[in-house]
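Trainee: Could you please take me through one part of this model closely, and then place it within the whole?

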Amino acid sequence: MKITALINKLPQEGQLASLPRPYFNHSVELKKAFSSKDRAEVLARVGLNVFFFPSEMITGCDLLSDSGVTTMTNEQWASLHMGDEAYGSNRGYFAIKDQIKKTFGDVFFNEPGTGEPNAFIFHQGRTSEDALFTQIGKIGKNLIVPSNGHFDTTGANIEANQMQALNLFADELTEGEKGFHFKGNMNIERLRTLLEKAHDRVPLVYMTITNNTAGGQPVSMENIVEASSLAHEYGIPFFFDACRFAENAWFIQQHEDGFGDMDIKDIVLKMFSCVDGFTMSYKKDGLANMGGGLFLRADGLFMKKYQNIPGVLLDYQILKEGHPTYGGLSGRDIMALASGLATVTDQEYLTYRINQVRDFGEGMHARGIPVVMPIGGHAVYVDVNSFFQNTKMKPDDFGGVALCAVLLAAYGHRACELGYFTFGHFDKVKKVEILPEVNFVRFAVPRLRYEKQDLDAVAEAMKILHAHREEIPGVRVTYGRELSLRHFKAKFEFKS
Ligand code: F0G
C-alpha cells in the first residue's frame, strides 16, 4: 500500500523527459575506424556517387535508405531458423498467407483452389510493379497512371511500358502550409479534372502511403476515401503502393479526427477496405530485409474488370520468380517476413519509431537546417534550394549531390539526393536540364537500428555544413547525365 501511494505521487512513466526505447540491443556490429581522408579518397574514386561507397567505411549513420536495413527482432531471427526450404508449400507460405489476411483483410489472399489467384509474392516491391504494369501497359494506348507521388522505380516501370506516370501532389506540399499533417494527400481537384477529361485513358489510380516522393508525408483517411470513390465513380480500380502502410496508419490515429481511439490494426483494415489491390515492398513496413508482393481484392473492381490478368500474372510469376508458394523468396525469408509483418502494427513500436524520426528532424530544424515540416514517417527531407539560398549554387550544379558527398567525406554519414538529379532529366535536343517540382536530400532512418545519439551527430554535422554552405562547390556530371535512372549510375566531380 505504501509503495502504491508513493508511486501515485511521483510523475508518471510517460511524463519523464527521457523515455527508454521499447526494445534493447540484441546483437550489435562494431564499426571499423576510417578517417575523413580515407573516405574522401574512396568517394572521389567512385565518382561521388554515394551508392557505390563501401558501407563498411561508414563510420556515422547510413541513412541512404530505410529499405531492407531493418534490425530484425529476436522473434524474426528465431523464425529464420524455422524456415522450410521445400519447393512447394513451405511452412512460411502458410505463415505469410495467414498474416497477410490478418493485416490487410481476408479478401487479399484466396485459398488455393478457391477463386482466382490474387496474391503474388515477389522478392521486392519493384518486381511486383513490373508484373502489374507489364500487363496494364497492354490494355490500351496513351495510358496515364495518376498518383499522389510515384516512387522512382514505380514511375520508371510505368514509363517502361509506354504509359505516363503522373504526380498529382497536394497543394499544401508546395505551398509550405504549416500545421497540416497530411501533405502526402492526392490532389483531388487535379484528379477530378483528369478523370473528367481522360478517364478512358486511366487504367488505375495509384496512391503511395506514406508518400515517399513528397517528403515521406502521410495521406489522410478522408483523402483515401475520396480518391477511391472518385476512381470508382469512373469505374477505375484504385491501388495502394503500400510500403509504409503502418506508419501512415499511425499518423491517421494521431492526427485525424475520429481515429484517436482506434487500434492501428483496425485503421489498417479500414484503409485497405478502399482499394482493389496493392503493391508492397516488405523491406519497409514488413520489417524484413527482403520481400514484396502484388495483392488483388477477390471481390474488387480490378479482378472484375481485367479478368484475364490474374492468370497471366500467375504464369509470369512462375516464369520469372518461382512457384506461387515461395515467389522468389527463400523459406527462411518468408518466415522472417511473416513475423515482421505481425510486429509492425504494434502501437509502442510505431510511436517510438515515428517520434524518433520527428525528433531527428526537429533537431535539424532547431539547428537552422531547412527541413520539410511537419516531419514525415520514415525520413527527414532537407530542402536543397532553401539550404543553398543566396549562395552561388545553380540548379545544374546539383547542390543536393554535392551536399551528400561533403557530408559523407567529412563526417561519415550517408544520405541521398532525391531532387534535381534523381527526378530530373537531361533534354538531349535542347541540351538543358528539365527540373522536377521537388529538390530534396533525404535522410531515411532504418527501423530499430540507430539511437538518439547517432542521429544527433548527423544533425550536428549538418549544422556545420550549413554554416559553411557558401564554400560547398557544385558538381559536374562526368558520366551518365542522359541515362534513365541516372542517379544509380552517374559519376560526378567537384567543380572547384
Ligand atoms: N514504392 C515505394 C514508395 C518505395 O519507397 C520503394 C522503395 C518501392 C516502391 C520499391 O520497393 O525497393 O522493394 O523494390 N524504396 C526504397 C527507398 C528503395 O529507399 O525509398 P523495392
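**The contact between the domains**

Mentor: Between the two domains, 26 residues of domain 1 are in contact (heavy atoms within 4.5 Å) with 26 residues of domain 2. This is a predicted model, in which local features need pLDDT of at least 70 and side-chain atom pairs count only at pLDDT 80 or more, while totals for chains, interfaces and linings use all residues. Residues are numbered from 1 along each chain as its sequence is written, and side-chain values use heavy atoms, with hydrogens and water left out.

The bounds come from an automatic or database domain assignment: domain 1 is made of 27–59 and 346–494, and domain 2 covers 75–343. Taken over C-alpha atoms, the centres of domain 1 and domain 2 are 27 Å apart.

As for the whole, the protein chain contains 19 helices and 14 strands, which are DSSP runs numbered from the N terminus (helices: H or I, at least four residues; strands: E, at least two). Its C-alpha trace spans about 80 × 65 × 45 Å along the principal axes. The radius of gyration, taken over C-alpha atoms, is 23 Å, which agrees with the value near 23 Å for a compact globule of 496 residues; that rule is 2.2 Å times the number of residues to the power 0.38.

Of the 496 residues, 56% count as buried, meaning under 20% relative accessible area (1.4 Å probe, protein chains only). Among contacts in the protein chain with a separation of 6 or more, 72% come from residues 24 or more positions apart.

Notes. Buried < 20%, exposed > 50% of the residue type's maximum accessible area, 1.4 Å probe, protein only.
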